[in-house]
Amino acid sequence: MYKAVIIGGSAGSFQVITRILHSLPASFPLPVLLCLHRLKHVRSGFVEALSLKSGIPIIEPDDKEQIKPGKAYLAPANYHMFIELGNKIALSTEDPVNHSRPSIDLSFLTAAQVYRDKLIGVILSGANRDGAYGLKKIKDLGGLAIVQDPNECQVRTMTEASLKMTPVDHVYNTSEIIRFLQTIKT
Amino acid sequence: MQVTDQDLQFFIATLKNVSKYDFSEYSDKSLKRRLQKILEDYNLDIFSLIANLKNDRAFIEKVVKEVTVNTTELFRDPPVWHLLRSRILPRFRNNKTINIWHAGCSTGQEVYSMMILLNEMGMLEQAKIFATDINIDVLDAAKQGVYKYRFNLGYLDNFDKVIKQNPLNFEEYNEVPYEKYFEIDKVKDTITMNKFLSEKPIFRKHDLVTDGNIFFAKFDLILCRNVIIYFNYSLQNKVFELFHSNLYPKGVLLLGMHETILGPWATKFEKLGQSYVKK
């Protein structure tokens, strides 16, 4: 019944996302869209680091790439990553939003418009407010919203901003997020 | 107020009517977002925007500048410049002339990066640099070669990575002073390219959608980076055809880090790293 999972994270999210990806079975039935802020000078090696323990392949997609289930798509450094009708990625070098490129808000917003009530949005630890508005749009369009428990977050700004902006379905710690994702069947 | 598909079509049709600009094969989504931003920034509704476009040529240029994306930086994506240095440019070392076209050069940072690299490789004299953009305002900025300093500290990091370090041996370090190529004025907050660079390229207004090859020359190297991501599939193919027919055999096309040739033109090129070599 769901068509995609989208995850946004910033400062303090790297270990969480590593654990989540590690826990996913190779047969995971959905595409996983990842929009993570990274330090500007750490542009290479990030995919490799995430891939080390991941249960599913991680791709830094090209523009207009087809989105497939069972793969994770990581927004490339210094590009915004949009989701377009027809299950395609679109990249853009437009100005940063919330001082961020990629911007989580933009990825979430465009994914919400494409997948509507068939989308799961997850906000993890982070030090700015990017993603809060995007998560609200996912909720507004009928999708499911999950926020990492701020008490577990290394930096709680992003999760708290999200919780302030919209009522969410679940506030989970990392283990609970993992358990939830593992129960997803198509 | 949200821009509708109808608003977008209205905008595209008007622009096509009152100017040479044809955005009908740009990617809808990105164009819609840009249009939305313009309406918000100018505090106009779609009808007032259209009315202004019909009456004011300067306004058309302003809007086209805003509609198109002009992100660029000095030595953007250092690995690409390492590829140019180690594998692409050496192919042309023995040419009497090297023709290079920067298609969609925006405010010119890529053009200056290329000239700096060519100069370090001792190949600048034999190079002819052509640089084009759809928008006259950004071309003016490119000709000036003056950039903000504090906002662009990353330029210096990139310069160090590409020009000072040897990518094949990180222990090797060439002390190349910035003043060799540009002057930094911390008070005025500017980076100003040296005259021998800013006077070299031929800058021309050019629209990839309508203008073909305006230089009566063929090219050894065409750079068109982060431009075609804003085009739809059919327009992308037209642009690949234009590039292919204007490259010399074994000429190289360099796209953005995450742009690829999809479709029929892919077979007419061979990959070299992330660049495309004409078969």
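A residue is called buried if 20 or more other C-beta atoms lie within 10 Å of its own, exposed if 12 or fewer do, and partly exposed in between, with C-beta atoms placed from the backbone. The model is predicted, and local features need pLDDT of at least 70, side-chain atom pairs count only at pLDDT 80 or more, and totals for chains, interfaces and linings use all residues. Residues are numbered from 1 along each chain as its sequence is written, while chains are lettered from A and ligands numbered from 1 in the order in which they are written.

**Exercise 1. Two loop residues of chain B**

Task: Find out whether B:F75 is buried or exposed, and do likewise for B:N43.

Solution:
- Step 1. Start with B:F75, which has 26 other C-beta atoms within 10 Å and is therefore buried.
- Step 2. Place B:F75 on the chain: it is in the loop between α4 and α5 (78–88) of chain B. Helices here are DSSP runs of H or I with at least four residues, strands are runs of E with at least two, and both are numbered from the N terminus.
- Step 3. Look at the backbone: B:F75 is not a glycine, yet its phi is positive, about 50°.
- Step 4. Turn to B:N43, which has 7 C-beta neighbours inside 10 Å and so counts as exposed.
- Step 5. B:N43 sits in the loop between α2 (28–42) and α3 (46–55) of chain B, and its phi is also a positive value, near 55°, in a residue other than glycine.

**Exercise 2. A covered strand in chain A**

Task: Work out how many residues of strand β1 (residues 4–9) of chain A are buried, and which strands pair with β1(A).

Solution:
- Step 1. Count: six of the six residues are buried, so β1(A) is largely enclosed by the rest of the structure.
- Step 2. Recall a general pattern: in a regular strand the side chains alternate between the two faces of the sheet.
- Step 3. Sort the residues by face: A:A4, A:I6 and A:G8 are on one side, A:V5, A:I7 and A:G9 are on the other, and all are buried.
- Step 4. Find the partners, remembering that two strands pair if DSSP finds at least two bridges between them. Five bridges link β1(A) in parallel to strand β7 (residues 119–123) of chain A, and five bridges link β1(A) in parallel to strand β2 (residues 32–36) of chain A.
- Step 5. Zoom in on A:G8: it stands opposite A:I123 in β7(A) and opposite A:C35 in β2(A).

**Exercise 3. The sheet of chain B**

Task: Say what the strand order of the seven-stranded open sheet in chain B is, and which strands stand at its edges.

Solution:
- Step 1. Read the order: β8-β2-β1-β9-β10-β12-β11, with mixed pairing.
- Step 2. Look at the ends: β8 (202–205) and β11 (269–272) of chain B each have a single partner strand, so one side of each is left without a neighbour in the sheet.
- Step 3. Check the twist, which averages 20° from one strand to the next.
- Step 4. Follow the pairing inward from β8(B): four bridges join it in parallel to strand β2 (residues 127–133) of chain B, with B:T132 and B:R204 as bridge partners.
- Step 5. Move on to strand β1 (residues 98–103) of chain B, which has six parallel bridges to β2(B); here B:A103 is the bridge partner of B:T132.
- Step 6. Continue to strand β9 (residues 219–224) of chain B, joined to β1(B) by three bridges in parallel, with B:H102 opposite B:L223.
- Step 7. Finish with burial: six of the six residues of β1(B) are buried.

**Exercise 4. Two domains in chain B**

Task: Find how many residues of domain 1 of chain B are in contact with domain 2 of chain B.

Solution:
- Step 1. Set the bounds, which come from an automatic or database domain assignment: domain 1 covers 5–67 and domain 2 covers 78–147 + 193–278.
- Step 2. Use the contact rule: the C-beta atoms of two residues, placed from the backbone, must lie within 7 Å.
- Step 3. Count: ten residues of domain 1 of chain B touch 13 residues of domain 2 of chain B.
- Step 4. Find the top contributor on the domain 1 side: helix α4 (residues 57–67) of chain B, with three residues.

Technical notes
Axes fitted to C-alpha atoms, helices over the stretch in contact; angles between N-to-C directions.
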